[in-house]
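User: Could you take me slowly through one part of this model, as if I were new to reading structures? I would like to know what that part is made of and what lies around it.

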Amino acid sequence: MKKILETERLYFREFTIEDAQLLIDLNSNPNVVRYTGDGAVKNLEEAKRILTDIIFPQYLNKMGRWAVHLKHTDEFIGWCGLKYIADANEIDLGYRFFEKYWCKGFATEAAKAIMDHGINTLKLKNIIALAAKENTASINVLKKLGMTYLGDDMCKHDPAEMYIFKQDSNY
Ligand SMILES: CC(C)(COP(=O)(O)OP(=O)(O)OC[C@H]1O[C@@H](n2cnc3c(N)ncnc32)[C@H](O)[C@@H]1OP(=O)(O)O)[C@@H](O)C(=O)NCCC(=O)NCCS
């Protein structure tokens, strides 16, 4: 297992091809993918393609969506991490957790650690995040991280808000 970092309650590791079923399970709840712009992962073949074509290449840049586990039980609760978006030349913060783990502060705890890793270890200058306007939980997380509202955008078909964290802000 390639562990990336840990927080008080969580640890992060790189996904492997054996995790394909976890991606299917996570996206199988319509509430989880309601504002994410993707949807259910149809089968193991599609999950493996997401891993090999989208997730693993990010690890070569020392970034990526990392599997998040509870320290005290080792349970997989979702993912959180950074992704380089070539079209925009931006680094995007993202997170997604199983519904039973919502509202326990895990997204905030995970995203704070990832932001800290991005700014202080990877020496990134800016990190952006996009959340659908109706996704109040996600927008709350971004605000709690101290990110700044940058403007409105679209998240696939949903009106969305763009947030930014700059290295010189008080984080
Ligand atoms: C967005 C998501 C990651 C938040 O995870 P979480 O672990 O519940 O987040 P936290 O507990 O750290 O913080 C969420 C905050 O929003 C609040 N919140 C949660 N659901 C809410 C809702 N429906 N309406 C208003 N506020 C809400 C919580 O009370 C909390 O605020 P608080 O700390 O002031 O009490 C989680 O809901 C999720 O995985 N959603 C599906 C995937 C997704 O939408 N990802 C983001 C795409 S931009």
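What follows is a close look at one helix and the parts of the chain around it.
Which residues of α3 are buried, and which elements give two or more residues to the largest nonpolar core?

Analyst: Happy to help! Before we start, residues are numbered from 1 along each chain as its sequence is written. This is a predicted model, so local features need a pLDDT of at least 70 and side-chain atom pairs count only at pLDDT 80 or more, while totals for chains, interfaces and linings use all residues.

Let us begin with the helix itself. Helices (H or I, at least four residues) and strands (E, at least two) are DSSP runs, numbered from the N terminus. α3 covers residues 106-121. It has 16 residues and reaches 21 Å from its first C-alpha to its last, close to the 22 Å expected at 1.5 Å a residue. That expected span is 1.5 Å times one less than the number of residues. Just after α3 comes Lys 123, with a positive phi of about 60 degrees.

Now for your first question. A residue is called buried if 20 or more other C-beta atoms lie within 10 Å of its own, exposed if 12 or fewer, and partly exposed in between, with C-beta atoms placed from the backbone. In α3 the buried residues are Phe 106, Ala 107, Ala 110, Ala 111, Ala 113, Ile 114, Met 115 and Gly 118. As you look at their spacing, a general rule is handy: an α-helix has 3.6 residues a turn, so residues three or four places apart point the same way.

Next, the core. A nonpolar core is a set of buried Ala, Val, Leu, Ile, Met, Phe, Trp, Tyr and Cys residues joined through C-beta atoms within 7 Å. The largest one holds 34 residues, and Val 68, Ala 110, Ala 111 and Ile 114 touch the most other members. Two or more residues come from each of β3, β4, β5, α3, β6, α4 and β8. Of these, α3 gives the most, with seven residues. A second, separate core has five residues, including Leu 23, Leu 26, Val 41 and Ala 47.

Val 68 is a good place to see helix and strands meet. Two residues are in contact if their C-beta atoms, placed from the backbone, lie within 7 Å. Leaving aside neighbours within four places in sequence, Val 68 is in contact with Leu 10, Phe 12, Ile 77, Gly 78, Trp 79, Cys 80 and Ala 110. Val 68 sits in β3 as the bridge partner of Phe 12. Strands are said to pair if DSSP finds at least two bridges between them. β2 and β3 pair in the antiparallel sense over four bridges, and six bridges join β3 to β4, which also run antiparallel. In that second pairing, Ala 67 stands opposite Trp 79 in β4. Six of the seven residues of β3 are buried, so β3 is largely enclosed by the rest of the structure.

The turn after β3 has another character. β3 and β4 form a hairpin with five residues between them. In that loop lies Asp 74, whose phi is positive, about 70 degrees, although it is not a glycine. Asp 74 is exposed because just 8 other C-beta atoms lie within 10 Å.

Two more contributors to the core are β6 and β8. They pair in the antiparallel sense over seven bridges, with Ala 131 opposite its partner Glu 161 in β8. Five of the seven residues of β6 are buried, so β6 is largely enclosed by the rest of the structure.

Finally, α3 also takes part in the surroundings of the ligand. Here a residue counts as near the ligand if its C-beta atom, placed from the backbone, lies within 6 Å of it. The shell has 20 residues, and the closest are Trp 102, Ala 107, Thr 108, Ala 137 and Asn 140. β5, α3 and α4 each supply at least two of the shell's residues, though α4 gives the most, with five. By class the shell has 11 nonpolar, seven polar and two charged residues. In this count Ala, Val, Leu, Ile, Met, Phe, Trp, Tyr, Cys and Pro are nonpolar, Asp, Glu, Lys and Arg are charged, and the others, Gly among them, are polar. One residue to remember is Ala 107, which is among the buried residues of α3 and also among those closest to the ligand.
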